[in-house]
Amino acid sequence: MSLDRDARERLVRALAGSVIAHADELTSLDQAIGDGDHGLNMKRGFEAVLAALPGLADKSLPDMLKAIGMTLVMKVGGASGPLVGTFFMELGKALPEQPSRSDLVVATEKAIEAVKARGRSEAGQKTLLDVLVPVHAVLAGGGDARAIAAEAAQAADRTTPMQAIRGRASFLGERSIGHMDPGSRSASLLIGAAVETLQFEVNS
């Protein structure tokens, strides 16, 4: 997968645009089981990412991802900034400049492990890991862009009947059941935007 500068800029714009366009939805989801600020926080973070263009796209892919991660850690409040930012930073650390699909599989696994450690959580606890882990399985299994995007959306849906074990929603106990996890929804939006924009050049 070789992304030229224009492709890197398209990727950043797509990632940021997907979150910003759905900020109200993310806020609504978080009002049901959290602090109600997830949409606003994520929007603020990705507006800061957009503001860093065109400089971000001038960087190599690994450095660009690390810079996005650092920006999110600094600008996004709550638990989401450190978790999503950690994912981007670790992905950037683990990827070579022109990654193959197998490179992306390995790097994504490392990034997921870092998110688990940072959040002291596992899949099945109604967090963004409930999207990241199954999507990684589809990627590792050779799934194409459509399969990856579909799994991301379906995985977010599957958090609805779960009871939250980690995060602010866990304070609600059984009352967290019946609501989609906002972190999972934002993860699914980012993954969907990425694969649609790249049309999976990782097939190379």
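This is a short talk on one cavity, one helix pair and two single residues in a predicted model.

Okay, housekeeping. Because the model is predicted, local features need pLDDT of at least 70 and side-chain atom pairs count only at pLDDT 80 or more, while totals for chains, interfaces and linings use all residues. Numbering runs from 1 along each chain as its sequence is written, and side-chain values use heavy atoms, with hydrogens and water left out.

Let's start with the cavity. I mean a set of points on a 1 Å grid over the protein atoms alone where a 1.4 Å probe fits but cannot get out, and lining residues have an atom within 4 Å of a point. Grid points are joined across faces, edges and corners, and volume is the space filled by probe spheres set on the points. With that rule, we get one cavity of 30 Å³ or more. Its volume is about 500 Å³. There are 26 lining residues, and Phe87, Leu91, Leu104, Ile191 and Ala194 are the closest to the centre.

Who builds the wall? Helices here are DSSP runs (H or I, at least four residues), numbered from the N terminus. H1 (5-21), H5 (61-75), H6 (80-94), H7 (101-119), H8 (129-140) and H10 (182-198) each put in at least two residues, and H10 gives the largest share, six. As for chemistry, the lining has 24 nonpolar residues, two polar and no charged. Nonpolar is Ala, Val, Leu, Ile, Met, Phe, Trp, Tyr, Cys and Pro; charged is Asp, Glu, Lys and Arg; the others, Gly among them, are polar.

Now, H8 and H10. Their axes come within 8 Å and cross at roughly 40 degrees; axes are lines fitted to C-alpha atoms over the stretch in contact, with angles from 0 to 180 degrees between N-to-C directions. So the pair is oblique, meaning not under 35, over 145 or 65 to 115 degrees. On the H8 side the contact (heavy atoms within 4.5 Å) uses Asp130, Val131, Leu132 and Val135, and on the H10 side Ser184, Ala187, Ser188 and Ile191. That's five nonpolar, two polar and one charged.

Two residues to finish. Arg166 sits in the loop between H9 (145-158) and H10. Is Arg166 buried or exposed? Partly exposed, at 30% relative accessible area; the band lies between buried, under 20%, and exposed, over 50%, with a 1.4 Å probe and protein chains only. Leaving out residues up to four places away in sequence, Arg166 touches Gly119, Arg120, Ser121, Gln125 and Thr127.

Pro134 is in H8, and with that same exclusion it touches Leu129, Glu151, Ala155 and Arg158.

Definitions and conventions. 1 Å grid on protein atoms, 1.4 Å probe; cavity = no way out; pocket = protein on both sides within 12 Å on 5 of 7 lines; lining within 4 Å.
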